[in-house]
Amino acid sequence: MKRTAILLLAALAIPALGFAQNPPPPASPSPSFDPVAATEAYLARLTPEQREKSDSYFEGGYWLMLWGFLYGLGVAALLLGTRISARMRDLSERMIGFRPLQIFLYWLQYLLLTTILGFPLTLYDGYFREHKYGLSNQTFGAWMNDLLKGLGVGALLGGIAVVAVYTIFRRLPRTWWIWGTAAALVFVVLGALIAPVFIAPLFNTYTELKVPNLRGPILALARANGIPAKHVYVFDASRQTKRVSANVSGAFGTMRISLNDNLLNRVSPAGVKSVMGHEMGHYVLNHVYESILWFALVFLLGFAFLRWAFDRAVARWGQRWGVRGIADPAGLPLLAALFSVYFFVMTPFNNTFIRTNEAEADIFGLNAAREPDGFAETSLLLGEYRKLHPGPVEEWIFFDHPSGYNRILMAMSWKKEHGPGGELEP
């Protein structure tokens, strides 16, 4: 899960470095073991050039976030100011008399046009930049194929959501912001339910993990922590990226644990076990359901902001734009722009919520898997694309996972307090 909003898929995504297959044997902790020094020793495995490249990639993402935000506002201003949005609505009304289909046809036009207008930035961010930093395995044709698949999914599922929301707008003109929140939450939950089963397999092939020396320990770890897991899935992310990742995804009966083939090929067994412990932590600690409650509050505040801002904008400029009111689909670019502003402001708060859950899963994984060096090894690999040691304010604003430094320090602190057998030292 990559941009906004709904983080119901938790993931570690870490490309491999040369020492992943054969890491040096971890030293047993001693009374003089210093977690800070041990953390610095892990970071020292990376060359200055690797650190500089990592920082450059991640810090470039800050600017992309800003330019993407401003670019989106510019597209919304274009669609409204030139009355393109109003003309798309008029075309839909001339072609179809049934109101829900009018809205759906407007949505298809809107999605296609905004995709075309946003394509230059999408192409740079998703294709050229990933290749520049050595993170992508995809040819341009394969990348475009995935983009078109995503467009198709967005056309269908997004269209259903837009029709439902605009039906609420039309029938409940005074309380639409409350019922809109409820509808958004329902779609979040439905998305979490269907994504692992129907959407993810459109982009990757999922198969059962068949490596005996990994599958058995992973399932044993799951059973030991009350997870009724009978399956561990592997997906072929190597066809797209060089990063390794794992995730727990879904909700209710569709929740599953998956890891990608890069993780199997580029990380030591101890590292794999530590990642699985982390992902199981999300399940045991009910982070999916916590996320649903968090975003229910986020959506409620967001729709309240929309109600206040949309009415004032339409009262002032609605006639110029050709927007009749909240139930008019021609106002969708305005809604999108306002929601963009709201989520841009909410970035550090949403990141902090997610980062807190990730830190909780880190601690759970350390206690469950008892592989602090495996966890540190894997966390260090984040340094290929995620800044390892940011400042505290920088981490608060931009990081939706704890930084690599803090994760390794947590693992080394855990290691200091435990003996070779994994038991707490007196």
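**A guided reading of the predicted model**

Leu-293 has its place in helix α10, where helices (H or I, at least four residues) and strands (E, at least two) are DSSP runs, numbered from the N terminus. The model is predicted, and local features need pLDDT of at least 70, side-chain atom pairs count only at pLDDT 80 or more, while totals for chains, interfaces and linings use all residues. Residues are numbered from 1 along each chain as its sequence is written, and side-chain values use heavy atoms, with hydrogens and water left out.

Leu-293 is exposed, with a relative accessible area of 64%. The terms for exposure have fixed limits: buried means under 20% relative accessible area, exposed over 50%, and partly exposed in between (1.4 Å probe, protein chains only). The C-alpha atom of Leu-293 is separated by 8.9 Å from that of Leu-185, although their positions lie 108 residues apart along the chain.

The protein chain as a whole has 14 helices and 5 strands. It contains 426 residues, of which 48% count as buried. Its accessible surface comes to about 19700 Å², and 66% of this belongs to carbon and sulfur atoms. Such areas come from the Shrake-Rupley method with a 1.4 Å probe; for residues, only the protein chains shown count as cover.

One part of the surface can be examined in helix α2 (residues 48–81), where Trp-63 is found. Trp-63 is exposed, with a relative accessible area of 52%. Together with Trp-67 and Leu-70, Trp-63 forms a nonpolar patch on the surface, and the three have about 360 Å² of accessible area together. Patches are made of residues with over 30% relative accessible area and no salt bridge; like charges are joined within 9 Å, and nonpolar side chains (Val, Leu, Ile, Met, Phe, Trp, Tyr) within 5 Å.

Strand β4 (residues 243–249) offers a view of covered residues: 7 of its 7 residues are buried. In a regular strand the side chains alternate between the two faces of the sheet. In β4, one side carries Arg-243, Ser-245, Asn-247 and Ser-249, the other carries Val-244, Ala-246 and Val-248, and all of these are buried. Strand β4 runs antiparallel to strand β5 (residues 256–260), to which 4 bridges join it; two strands pair if DSSP finds at least two bridges between them. Within this pairing, Asn-247 has Ser-258 of β5 as its bridge partner. Arg-243 also lies over the face of Tyr-385, at 4.2 Å from the ring centre. A charge sits over a ring if NZ of Lys or CZ of Arg is within 6 Å of the ring centre and within 35 degrees of the ring normal.

The aromatic residues come next. A pair of aromatic rings is described by the distance of the centres and the angle of the planes. Rings of Phe, Tyr and Trp (its six-membered ring) pair if their centres lie within 6.5 Å; planes under 30 degrees apart count as stacked, over 60 as edge-to-face and the rest as tilted. The whole structure holds 29 aromatic pairs. In one of them, the rings of Phe-169 and Trp-176 have centres 4.9 Å apart and planes at 75 degrees, so this pair is edge-to-face. Phe-169 and Trp-176 are both buried. The rings of Phe-303 and Phe-339 are also edge-to-face, because their centres are 5.4 Å apart and their planes stand at 85 degrees. Phe-303 lies in helix α10 (residues 287–321) and Phe-339 in helix α11 (residues 332–369), so the pair ties together parts that are 36 residues apart in sequence. Ring pairs link these four residues into a cluster whose members also include Tyr-166, Phe-295 and Trp-308.

Finally, the structure holds 11 salt bridges, each being a side-chain nitrogen of Lys or Arg within 4 Å of a carboxyl oxygen of Asp or Glu. Arg-89 meets Asp-90 in one of them (3.0 Å, N to O). At 4% relative accessibility, Arg-89 counts as buried, whereas Asp-90 is partly exposed at 24%. Arg-89 also forms a salt bridge with Asp-328, with the closest N and O atoms 2.5 Å apart. This pair links distant parts of the chain, since Arg-89 is in helix α3 (residues 84–95) and Asp-328 is in the loop between α10 and α11, 239 residues apart.
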